[in-house]
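Biologist: I have a model open and a few things to check. Can we go through it piece by piece?

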Amino acid sequence: MQFENDIKAVDALHQAYKNITAEIGKVVIGQEAIVKSVLISIFSNGHCLLVGVPGLAKTLLVQTVSGVMDLNFNRIQFTPDLMPSDIIGAEILGEDRNFKFIPGPIFSNIVLADEINRTPPKTQAALLEAMQEKAVTAAGQRHVLPNPFFVLATQNPIEQEGTYPLPEAQLDRFMFNVHLGYPTFEEELTIVKNTTSNTQTELRKIIDAKQIQFFQKLVRNIPIADNVVEYAVRLASKTRPHTPLATEEVNKYISWGAGPRASQFLVVGAKCHAAISGKYSPDIEDVQAVAEAILRHRIVRNYRAEAEGLSIEKIIQNLF
């Protein structure tokens with residue numbers, strides 16, 4: 001992709017974002033905030049964790065995104081007996097008596113890890129290593145994953161029996177933790193009308209893998225003022241109890257705060273949020289717009305906060 005300058009390129013990203021959301025909106029009714037978070041994490045080269053009850057069109061959303069962005073897509077249904085080789089692939093003995101590597105479903109641009117907390121830690125770790133390294137190792141050989149590579153994992157917040165919650169260190173690899181709510185009455189009416197008839201929606205492909213890679217580099221090139229970077233770093237630092245910047249509320253209600261990865265994601269996320277909103281440089285509002293989804297899974301409340309019914313979201317809002 002060739003543009004005269006970065007300003008023209010940001011305009012192109014803003015326009016592409018509008019076209020993509022309009023196209024996704026033909027199939028996925030409502031959920032604008034969720035679509036926005038998913039697209040920001042793709043353009044920021046991050047990963048996304050969706051938490052929501054079954055039947056809220058999580059799979060449909062990912063399929064639609066991959067279709068509109070002309071990317072290939074695989075879905076892995078996580079179960080208690082899933083093995084790491086079921087995700088990354090395995091060596092098999094070929095007809096020529098030589099071992100050859102058969103790639104698993106993770107070799108795809110977009111991977112939907114459905115109900116990631118249903119599988120034991122060994123299998124979770126195989127996926128999370130791939131997310132971090134953008135490559136997998138099988139039988140001592142390193143295999144690079146396709147680019148762009150994006151993992152969207154889902155969790156069901158209701159059933160916790162027989163699940164293996166992701167440890168904090170592994171949750172930290174997700175850029176966003178997004179909570180899906182129920183649709184409004186009007187949205188649900190539209191959903192039911194659309195899905196109980198024979199209407200077929202044809203989706204246009206808006207951008208492809210090469211353009212996504214270009215926009216991912218562009219997002220990191222966007223200039224950001226020092227005071228905005230300082231604000232982002234200060235916001236992450238405030239969540240750490242008993243450190244110089246911690247607030248009274250954090251010291252009282254939080255047992256662990258967000259690490260440096262949160263600061264990095266706040267800055268990249270703010271740059272991307274600014275670009276898709278048609279701005280050429282992020283400000284403090286852009287940091288605040290992405291802060292909740294970035295900090296939510298990186299802060300651990302203590303028993304006092306739980307006893308008093310103080311939510312993580314409320315604590316984050318108070319840090320602004």
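Biologist: Which helix is Ile87 found in?
Modeller: Ile87 sits in helix H4, residues 84-88. Keep in mind that this is a predicted model.

Biologist: Is Ile87 buried or exposed?
Modeller: Ile87 is buried, because its relative accessible area is 0% and the cut-off for buried is under 20%.

Biologist: What is Ile87 in contact with, leaving aside neighbours within four places in sequence?
Modeller: Ile76, Phe78, Leu82, Gly104, Pro105, Ile106 and Thr123.

Biologist: Now pockets. How much space lies in the largest pocket?
Modeller: About 580 Å³. It is lined by 23 residues, and those closest to its centre are Gln155, Glu168, Leu171, Asn177 and His297.

Biologist: How do the residues of that lining divide?
Modeller: Nine are nonpolar, eight polar and six charged.

Biologist: Back to His297. Where is it found?
Modeller: His297 lies in the loop between helix H12 (284-295) and strand E11 (300-301). His297 counts as buried because its relative accessibility is 5%.

Biologist: Which residues does His297 contact, setting aside neighbours within four places in sequence?
Modeller: Leu171, Phe174, Met175, Phe176 and Asn177. In addition, the side chains of His297 and Arg298 are joined by a polar contact of 3.2 Å.

Biologist: And what volume does the second largest pocket have?
Modeller: About 460 Å³. Of its 19 lining residues, Val27, Leu60, Ile191, Asn194 and Thr195 are the closest to the centre.

Biologist: Which helix gives the most to the lining of that second largest pocket?
Modeller: Helix H7, residues 185-195, with five residues. The lining of the second largest pocket divides into nine nonpolar, eight polar and two charged residues.

Note on methods. Residues are numbered from 1 along each chain as its sequence is written. This is a predicted model: local features need pLDDT of at least 70, side-chain atom pairs count only at pLDDT 80 or more; totals for chains, interfaces and linings use all residues. Side-chain values use heavy atoms; hydrogens and water are left out. Helices (H or I, at least four residues) and strands (E, at least two) are DSSP runs, numbered from the N terminus. Buried means under 20% relative accessible area, exposed over 50%, partly exposed in between (1.4 Å probe, protein chains only). A polar contact is a pair of N or O atoms within 3.5 Å; within protein, one must be able to donate a hydrogen and the other to accept it, and residues adjacent in sequence count only if both atoms are side-chain atoms. Contact means heavy atoms within 4.5 Å. On a 1 Å grid over the protein atoms alone, a cavity is a set of points where a 1.4 Å probe fits but cannot get out, and a pocket is an open set with protein on both sides within 12 Å along at least five of seven lines; lining residues have an atom within 4 Å of a point. Grid points are joined across faces, edges and corners, and a volume is the space filled by probe spheres set on the points. Ala, Val, Leu, Ile, Met, Phe, Trp, Tyr, Cys and Pro count as nonpolar, Asp, Glu, Lys and Arg as charged, and the others, Gly among them, as polar.
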